[in-house]
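Me: I have a model open and want to go through a few spots in it. Can we start with the inside and finish on the surface?

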Amino acid sequence: MKITGIKRWFVVVLCALMAGIMVYVPFLRYSYYDQMCVLFTQYKQIVPAETVNTFIGDFGMAFGIVSMLGYPFGGIFADRFNEKWLLIAGGVLMGICSFWFGTVPGKAAIIIIHLLYGVGTSFLIWSAYLKLTRKMGNAREQGRMFSTSEFVRGVFGMLIGFVGVGLLGRAVLPSGEISPQQLGIQWRNLMFISGALFFLFAALVFFFIPSKVIGAEESETQTQEAFSIKNVLRVLKMPGTWLISALVFCCFSFTSAGNGYLGAYTVNILGISETTASTFAIIRNYIIAAVMTFAIGFISDRIGSKAKTLGIYLTVASVLCAALIFTKSSFVLCLAVSFAFAIVYSGMRGIYFATLNEVGIPLSMTGIATGIISMLCYLPDVYFAKLAGSWLDTYGNRGYDFIWYWAIGCGILGIIVAILTYRYSKKIGGV
């Protein structure tokens with residue numbers, strides 16, 4: 001069935017909502033890092049306080065490893081099976097895990113939960129979401145389709161994020177300290193709400209998305225290319241696959257550093273409270289992200305190349321990341337730089353996968369291509385939380401400088417890749 005008119009925007013929005021809660025839950029450390037430290041050391045003695053950063057890195061790494069291994073399979077599933085049923089299965093699995101996480105189980109159980117989050121994200125939801133979004137628009141509309149999707153994800157993330165701030169904020173005593181027992185209760189409430197949302201969106205997908213969706217540029221009689229090793233090799237041989245993987249890897253490295261550690265940075269370096277830091281994190285990670293991921297689609301259309309746009313953004317992000325290191329002695333200036341940094345790195349997300357047309361990847365191979373690209377470009381999910389956690393446990397606040405140095409190095413590499421990608425896209429007529 002070909003979806004036309006306003007209905008296709010409904011599909012984009014619905015898929016974005018499910019993707020929004022899918023991204024929010026496995027990355028709760030991005031918004032509530034310090035509260036999680038209290039949760040795992042004081043509400044329940046899951047790990048000693050001196051290793052809590054490493055533990056958070058451990059389950060972040062568990063999620064990342066499964067995601068990395070699962071993205072190619074998720075891409076194959078998206079090309080082989082109906083996207084609708086993959087979204088439903090992923091929503092149900094992640095909903096169950098969220099209810100489980102709300103009980104704050106033991107150390108091994110939390111690791112298992114994040115392994116299953118990885119299955120739901122990479123094997124089931126991610127490539128199906130990307131493929132459905134791409135199907136809703138023609139080649140000229142890809143920028144706005146994906147940037148609109150990111151905008152919806154950002155707005156939704158902002159709403160559920162502030163719900164989390166409000167709930168966990170109830171655990172703060174008049175003295176400013178956090179009550180571990182109250183925090184445990186509010187954590188359960190937050191995770192139960194998240195689990196219920198997964199089930200709700202899975203139900204909406206069941207009722208409102210057809211079992212077989214035909215893309216805007218596909219004919220009613222056109223058939224999906226069957227999965228084969230030949231098609232996988234074909235995608236692997238495309239220079240565009242490797243260029244986009246490297247480019248998005250460098251862009252996502254800034255997201256891993258900024259989303260993951262700017263909140264804790266403002267607490268430990270600038271001295272603001274955990275609740276204020278979480279509020280700022282929601283503003284950065286969701287409100288700013290919503291606006292900027294929406295805007296970048298139109299900005300990239302104006303510039304004329306999504307690869308060129310990402311190169312410009314990487315340049316600015318690298319400069320701002322360096323500024324974080326040199327302005328930390330000035331509270332107001334450093335806080336302003338942190339928000340400017342978020343404006344840039346969060347905006348890049350809006351056109352990650354709108355670059356597929358630009359480097360010549362056909363719609364019929366979207367699933368395989370996004371699976372392979374996602375496996376490579378989201379590698380920071382595998383190791384960065386573990387690496388950054390070990391830096392912080394070993395070097396204390398000096399560890400933040402190592403985080404920013406790492407991001408700057410990725411930025412410089414990304415600028416080079418963006419130039420190569422732009423030249424390649426011009427060569428093949430992609431721009």
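Reply: What follows covers one histidine, the nonpolar core and a surface patch, all in a predicted model.

Me: Where does H114 lie?

Reply: H114 is part of helix 5, which spans residues 107-135.

Me: Buried or exposed, that H114?

Reply: H114 has a relative accessible area of 1%, and the cut-off for buried is under 20%, so H114 counts as buried.

Me: Which backbone oxygen does the H114 side chain reach?

Reply: That of I110, at 2.9 Å.

Me: And which residues does H114 touch further off in sequence?

Reply: Leaving out residues up to four places away, H114 touches P26, F59, F63 and F101.

Me: Switching to the largest nonpolar core. Which residues touch the most other members?

Reply: F40, F341 and W404, out of 143 residues in that core. Helix 9 (residues 239-268) supplies the largest share of the core, 15 residues.

Me: What does F40 touch?

Reply: Beyond four places in sequence, the contacts of F40 include F59 and F101, and H114 also touches both F59 and F101. I110 is another contact of F40.

Me: Now the surface. Which residues form the nonpolar patch?

Reply: F10, W85, F206, F207 and F208, with about 570 Å² of accessible area together. Three residues, the largest share of the patch, come from helix 7 (residues 180-208).

Me: Where is W85 found, then?

Reply: In helix 4, residues 83-102.

Me: Why does W85 count as partly exposed?

Reply: Because its relative accessibility is 41%, which falls between the 20% and 50% limits.

Definitions and conventions:
Residues are numbered from 1 along each chain as its sequence is written. This is a predicted model: local features need pLDDT of at least 70, side-chain atom pairs count only at pLDDT 80 or more; totals for chains, interfaces and linings use all residues. Side-chain values use heavy atoms; hydrogens and water are left out. Helices (H or I, at least four residues) and strands (E, at least two) are DSSP runs, numbered from the N terminus. Buried means under 20% relative accessible area, exposed over 50%, partly exposed in between (1.4 Å probe, protein chains only). A polar contact is a pair of N or O atoms within 3.5 Å; within protein, one must be able to donate a hydrogen and the other to accept it, and residues adjacent in sequence count only if both atoms are side-chain atoms. Contact means heavy atoms within 4.5 Å. A nonpolar core is a set of buried Ala, Val, Leu, Ile, Met, Phe, Trp, Tyr and Cys residues joined through side-chain atoms within 4.5 Å. Patches are made of residues with over 30% relative accessible area and no salt bridge: like charges are joined within 9 Å, nonpolar side chains (Val, Leu, Ile, Met, Phe, Trp, Tyr) within 5 Å. Accessible areas come from the Shrake-Rupley method with a 1.4 Å probe; for residues, only the protein chains shown count as cover. A salt bridge is a side-chain nitrogen of Lys or Arg within 4 Å of a carboxyl oxygen of Asp or Glu.
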